Amino acid sequence: PHKVPATIASRCQRFDFHRISLEASMARLREVAQAEGMEPSDDVLHLIAHSANGSLRDALGLLDQVSAAESGPISEEAVRQALGLADPDVIARLTDALLAGEVGDGLDEIAAFVSNGGDPRQLANQFTSYFPALLHTVVGSTDTSSLDPGLKAHVGRHAAQLNEAKVLGVLHAFTGPELSPKYDLIA
């Protein structure tokens, strides 16, 4: 086998890339959108930046994709459709069913979503993404960066019905063994 001389190997550069904050992504998206003559709402920018999960390249690609498909202003609905996201009211109704112990209503909601072409994995991801935002609200934090803008109207009502243990229980039920090592919350 061919060995690389130590002098060559030591000259390799290493670049560590870190996720970009939601706020920084939104600011850059706003700059690009304005340069292109678009004026998306903060909620549209939030959805795009949040979905890109810290990747500015992905966020810019999604902005480009959605703007190419829209003839007028970019709507939240267009972004949700491009991402395959469920309507936030579906997440709110699922949460209502869970909190009321109405399993049948929840299953009917899921069945209707799937029968209309929705991806059940995406629905599960959105549902479990809502609960960290609920946890922030339950413990008195004002950080709403993880909250889908379409759920702002529901978070207070849902949080009022919960306590920290219940939210963690739901998160643990949906994320299983991923939750404890990641957050070290449940033994």
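## Cores, aromatic rings and salt bridges

The largest nonpolar core has 22 residues, and those with the most contacts inside it are L123, Y130, F131 and L134. Four elements give two or more residues to this core: α6 (88-100), α8 (120-138), α9 and α10 (164-175). Helix α8 supplies the largest share, seven residues. The model described here is predicted. In soluble globular proteins, nonpolar side chains tend to be buried together.

What does F131 touch beyond its neighbours in sequence? Not counting residues up to four places away, F131 touches T95, L98, L162, V167, V170 and L171. A second, separate core has 19 residues, including A33, L45, L47 and I74.

### Aromatic residues

Three aromatic pairs are found in a search of the whole structure. In the pair of Y130 and F131, the ring centres are 6.1 Å apart and the planes stand at 75°, so the pair is edge-to-face; the cut-off for that class is over 60 degrees. Both Y130 and F131 are buried. These two residues also belong to one aromatic cluster with F127 and F174.

Y130 has a further link, to H154. H154 is found in helix α9, which covers residues 152-159. Is H154 buried or exposed? H154 has a relative accessibility of 15% and counts as buried, because buried means under 20%. Leaving aside neighbours within four places in sequence, H154 is in contact with D89, A92 and Y130.

### Salt bridges

The structure holds nine salt bridges. Side chains of opposite charge can pair when their charged atoms come close. Three of the salt bridges are listed below, each with its N to O distance.

| Pair | Distance, N to O |
|---|---|
| E31 and R28 | 2.9 Å |
| R30 and D42 | 2.6 Å |
| D96 and R157 | 2.6 Å |

E31 and R28 both lie in helix α2 (residues 22-35). Because they are three residues apart in that helix, about one helical turn separates them. E31 is partly exposed, with a relative accessible area of 45%, and R28 is partly exposed as well, at 36%.

The salt bridge of R30 and D42 joins two helices. R30 lies in helix α2 and D42 in helix α3 (residues 42-52), so the pair ties together parts that are 12 residues apart in sequence. R30 counts as partly exposed at 28% relative accessibility, and D42 is partly exposed with a relative accessible area of 47%.

Which parts does the salt bridge of D96 and R157 tie together? D96 lies in helix α6 and R157 in helix α9, so the pair ties together parts that are 61 residues apart in sequence. At 27% relative accessibility, D96 counts as partly exposed; R157 is partly exposed too, with a relative accessible area of 37%. Helices α6 and α9 are also among the elements that give two or more residues to the largest nonpolar core.

Elsewhere, E76, R80 and D148 are joined into one network by salt bridges that share partners.

How values were computed. Residues are numbered from 1 along each chain as its sequence is written. This is a predicted model: local features need pLDDT of at least 70, side-chain atom pairs count only at pLDDT 80 or more; totals for chains, interfaces and linings use all residues. Side-chain values use heavy atoms; hydrogens and water are left out. Buried means under 20% relative accessible area, exposed over 50%, partly exposed in between (1.4 Å probe, protein chains only). Contact means heavy atoms within 4.5 Å. A nonpolar core is a set of buried Ala, Val, Leu, Ile, Met, Phe, Trp, Tyr and Cys residues joined through side-chain atoms within 4.5 Å. Rings of Phe, Tyr and Trp (its six-membered ring) pair if their centres lie within 6.5 Å; planes under 30 degrees apart count as stacked, over 60 as edge-to-face and the rest as tilted. A salt bridge is a side-chain nitrogen of Lys or Arg within 4 Å of a carboxyl oxygen of Asp or Glu.
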